[in-house]
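Work through the exercises below with the sequence and the coordinates open. Each task is followed by a solution in steps.

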Amino acid sequence: MQIPHDTRRALDVVVALVNTAAEANQPDALSDLGALRAFVQEYSISDVGELGARDLAGVRTVRGKFAQIFAAPDPRAAATLINELVATAGTTPQLTDHDGYDWHVHYFAPGASVGDHLAADGGMALAFIVVSGEQERLRRCEAPDCRRAFVDLSRNRSRRYCDSRTCGNRLHVAAYRARRKGADAESSESSGRE
């Protein structure tokens with residue numbers, strides 16, 4: 001699947017934003033304005049003015065809508081959610097070439113709030129995935145103790161974990177240990193019968 005740079009970057013921001021939500025073993029990573037400022041800086045979100053409480057509330061709302069799109073049961077449901085999101089954000093496509101990046105499209109209106117900015121650019125990136133017939137690539141980690149979002153960009157759509165080095169490896173090691181324990185128990189039983 002060929003994804004343009006700006007779309008890929010917007011998808012990365014969507015995933016990162018969804019993964020800031022509180023989970024059973026993780027507090028809300030957007031708990032205050034300082035956390036929002038850090039997020040904006042870490043992901044180099046451009047054209048963001050002074051942030052306030054209204055921005056924090058707006059970004060949390062957008063985060064919830066992105067999470068709903070990841071949970072959408074089918075492309076039609078995802079499309080409905082995306083359409084509502086980008087309509088509310090007031091998308092205004094425009095070409096730009098800032099910060100050393102070649103020409104790309106921003107979908108947010110000049111002067112838009114950071115929430116509208118994220119909703120417009122992220123919503124259009126998610127629209128690209130749905131239009132490409134690839135909605136099933138919007139996934140949640142299959143590790144039982146992790147529900148982090150990710151976009152499966154593997155060639156054969158086979159990725160199951162948000163990070164194969166942490167969640168995937170941990171589950172593979174646990175499965176190996178369970179098999180070994182079973183084999184050891186079976187070996188002990190058979191040697192005890194002799």
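**Exercise 1: The second largest pocket**

About 210 Å³ of space lies in the second largest pocket of this predicted model. State which residues lie closest to its centre, which elements supply the lining, and how the lining divides by class.

Solution.

Step 1. The pocket is lined by 13 residues, and the closest to its centre are Asp12, Val15, Phe150, Val151 and Arg159.

Step 2. Two or more lining residues come from each of α1 and β4 (149-151). The element that gives the most is α1, with five residues.

Step 3. Sorted by class, the lining of the second largest pocket has eight nonpolar, one polar and four charged residues.

**Exercise 2: The largest pocket**

Describe the largest pocket in the terms used for the second largest, beginning with its volume.

Solution.

Step 1. The volume of the largest pocket is about 400 Å³.

Step 2. Its lining holds 26 residues, of which Asp6, Arg9, Ala10, His106 and Asp121 are the closest to the centre.

Step 3. The elements giving two or more residues to this lining are α1 (5-18), β2 (104-106) and α5 (114-131). Eight residues come from α5, which gives the most.

Step 4. By class, the lining of the largest pocket consists of 14 nonpolar, nine polar and three charged residues.

Step 5. Put the two linings side by side: α1 gives two or more residues to the lining of the largest pocket, and α1 also gives five residues to that of the second largest.

**Exercise 3: The packing of α1 and α3**

Are α1 and α3 roughly parallel or roughly perpendicular to each other? Name the residues that make their contact.

Solution.

Step 1. Two packed helices are described by the angle between their axes and the distance between the axes.

Step 2. For α1 and helix α3 (residues 53-71), the angle is about 100 degrees and the axes are 9 Å apart.

Step 3. Angles of 65 to 115 degrees count as roughly perpendicular, and α1 and α3 are therefore roughly perpendicular to each other.

Step 4. On the α1 side the contact is made by Val14, Val15, Leu17 and Val18; on the α3 side it is made by Val59, Val62, Arg63, Phe66, Ala67 and Phe70.

Step 5. By class, this contact has nine nonpolar residues, no polar residues and one charged residue.

**Exercise 4: Arginine 63**

Is arginine 63 buried or exposed? Which residues is it in contact with, leaving aside neighbours within four places in sequence?

Solution.

Step 1. Arginine 63 is located in helix α3 and takes part in the contact of α3 with α1.

Step 2. Its relative accessibility is 10%. Buried means under 20%, so arginine 63 counts as buried.

Step 3. With neighbours within four places left out, the residues in contact with arginine 63 are Leu17, Val18, Thr20, Ala21, Asp28 and Leu30. Among them, Leu17 and Val18 belong to the α1 side of the helix contact.

**Exercise 5: The loop between α2 and α3**

Place serine 44, serine 46 and glycine 49 in the chain, then assign each to buried, partly exposed or exposed.

Solution.

Step 1. Serine 44, serine 46 and glycine 49 are found in the loop between α2 (33-42) and α3.

Step 2. Serine 46 has a relative accessible area of 13% and is buried. Serine 44, at 45%, counts as partly exposed. Glycine 49, at 56%, is exposed.

Step 3. Leaving aside neighbours within four places in sequence, serine 46 is in contact with His98, Asp99, His106, Phe108 and His117. Of these, His106 is also one of the residues closest to the centre of the largest pocket.

Step 4. Glycine 49 lies 8.0 Å from glycine 111, C-alpha to C-alpha, while 62 residues separate them in sequence.

**Exercise 6: Positive phi outside glycine**

What is the phi of serine 44, and what is that of arginine 157?

Solution.

Step 1. Serine 44 is not a glycine, yet its phi is positive, at about 50 degrees.

Step 2. Arginine 157, also a residue other than glycine, has a positive phi near 55 degrees.

Step 3. The place of arginine 157 is in the loop between β4 and α6 (164-193). Its relative accessible area is 34%, and it is partly exposed.

Terms used. Residues numbered from 1 in each chain as written. Predicted model: local features only at pLDDT ≥ 70, side-chain atom pairs only at ≥ 80, totals over all residues. Heavy atoms only, no water. 1 Å grid on protein atoms, 1.4 Å probe; cavity = no way out; pocket = protein on both sides within 12 Å on 5 of 7 lines; lining within 4 Å. Points joined across faces, edges and corners; volume = space filled by probe spheres on them. Helix = DSSP H or I, 4+ residues; strand = E, 2+ residues; numbered from the N terminus. Nonpolar A, V, L, I, M, F, W, Y, C, P; charged D, E, K, R; others polar. Axes fitted to C-alpha atoms, helices over the stretch in contact; angles between N-to-C directions. Parallel < 35°, antiparallel > 145°, perpendicular 65-115°, else oblique. Contact = heavy atoms within 4.5 Å. Buried < 20%, exposed > 50% of the residue type's maximum accessible area, 1.4 Å probe, protein only.
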